[in-house]
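Hello,

Here is the structure I promised to pass on. My notes follow below it.

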Protein chains: 2
Amino acid sequence: MTIVLASDQTAVAPSQGQIIRDVLLGRLQRGEIGLEDRLVDTAIAAEFGVSRMPARDALKRLVHEGYLEATTRGFMLPRVTHNEILEIFDLRRLLEPRAVALVAQSMKPAELTALEGTIGDARGATRAGDTELVFKASERFRNGWIAAVPNVSLRQAIQRYMTQVQAVRMLTFRDPVNHPLIVDGNTRLFDAFANRDAVAASDHILRFIYEGERAYLNAVKAEAEEAQQAAKSA
Amino acid sequence: MTIVLASDQTAVAPSQGQIIRDVLLGRLQRGEIGLEDRLVDTAIAAEFGVSRMPARDALKRLVHEGYLEATTRGFMLPRVTHNEILEIFDLRRLLEPRAVALVAQSMKPAELTALEGTIGDARGATRAGDTELVFKASERFRNGWIAAVPNVSLRQAIQRYMTQVQAVRMLTFRDPVNHPLIVDGNTRLFDAFANRDAVAASDHILRFIYEGERAYLNAVKAEAEEAQQAAKSA
DNA sequence: CCAGTCAAAATCGTATACGGATGTCGCCGA
DNA sequence: TCGGCGACATCCGTATACGATTTTGACTGG
């Protein structure tokens, strides 16, 4: 897999700010930055051995990309509202069926093989009951097919809300009941890719998104009940 | 109309960079910056009476928003490729039918009245043959309904590609044949809004986008033939 | 012991400065 | 006269520094 930049083909010399931004984005996407963490430019600068400017640059860019939120005291993860999450499910239903259809028609054997590996990993991890690994494998599967979306604008539109999806995903993953649903959904999607069946891919992802929404709503309900129980017992 | 910021409710003190960015964006959207113009941070800084930092900040933000392109020698208008334009038409067909359907169901009387004004302006300008005014009115119509999209995430996804749409629109507007098509399309869409007819709104915008794509392809073909003519006569 | 006030720390936004890369222009030779 | 080469100008990225604002924490008075 070659490194592909956002909009250009020749990467002469990525600036420090760019490098830092990429590293931070990786951490954000891997969930290494918690809701309570505050990212401060001076700290980032010290870590990377540069001045505040490239660090600030990276932070401001991440804010603009929607990955962070600027506060009066450092940069933090944006607080995603319940409503926003429902909006994003709606948006996903518009974009992703077409995206996977295009992928099904254009996927190269090498990409297919890479995806197959993540499916196997997820299956193994589910049997072993390793939540963390199921999560990682499913994330790699998703990132894999998104990277294969041939319509660049469509791909970028999908990637915009990836962090929020990631957050929701982390919530629903806490209930192991959802693990087989996710693995099965991914498997069906993969089979559609392998068969170059664009229609099946669309149908599967749509069903998958609806299932994800239901799982999210269940998780929210469970959390609310839990809070109520705690309040009652106190 | 109250001033609503991108993501927050309280505007304590917009930074210089923010102000400059807004001013430059206005110029870009009004077409005051040509394809050959190079925006340089020192010049911007001098114009606004600040240092390079806020100017650079504004420029980099505009780059990230897709309004500008960073070169080794200043910031310029991005060169949108033919392929990218076709991709965006595809994306529009996915997002905008749903968006206008939601608008049709949720539009407030005040917003409707504002849109009605732009329709009237466009009709008048078409009769008068004033390309510039038709363009402006149609732009205000589009911005008007986009602002009324209740799903914030969906709205932002649409706004992301607005500059590119704007560029294409400017190209197709050069042929007055397209003016009545545009005005009629907007009128049909407006009627659907007025009748709260979500289905009709979806259908109209979809047809409108297809017409837009055809007009774009015709404009490209016409341009190519023109270039050929010029080459032959030379 | 608690509340109010004020000072200090933290952090952001901006200013100024320097080095490096890249494009441009003029000069020189064929 | 035209092409190649080198010095200069331009502009970007980054470093360092300073003032403003907001939060935190301690100190004092009730």
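DNA strand C has 18 residues around it, with B:Ser15, B:Gln16, B:Val50, B:Ser51 and B:Thr72 nearest. Near here means a C-beta atom, placed from the backbone, within 6 Å of the molecule or strand. This is a predicted model: local features need pLDDT of at least 70, side-chain atom pairs count only at pLDDT 80 or more, and totals for chains, interfaces and linings use all residues. Residues are numbered from 1 along each chain as its sequence is written, while chains are lettered from A and ligands numbered from 1 in the order in which they are written.

Both chains serve strand C. β2 (74-76) of chain A, α1 (16-29) of chain B and α3 of chain B each supply at least two residues to the surface near it. α3(B) gives the most, four residues. Helices (H or I, at least four residues) and strands (E, at least two) are DSSP runs, numbered from the N terminus.

Now DNA strand D. It is surrounded by 18 residues, the closest being A:Ser15, A:Gln16, A:Val50, A:Ser51 and B:Gly74. Two or more residues each come from α1 (16-29) and α3 (52-64) of chain A and from β2 (74-76) of chain B. The largest share of this surface, four residues, is from α3(A).

Last, the protein contact. Chain A and chain B put in 17 residues each; two residues are in contact if their C-beta atoms, placed from the backbone, lie within 7 Å. On the chain B side, α3 (52-64), α4 (82-106) and α7 (152-160) each supply at least two residues. α4(B) gives the most, with eight.

Best wishes
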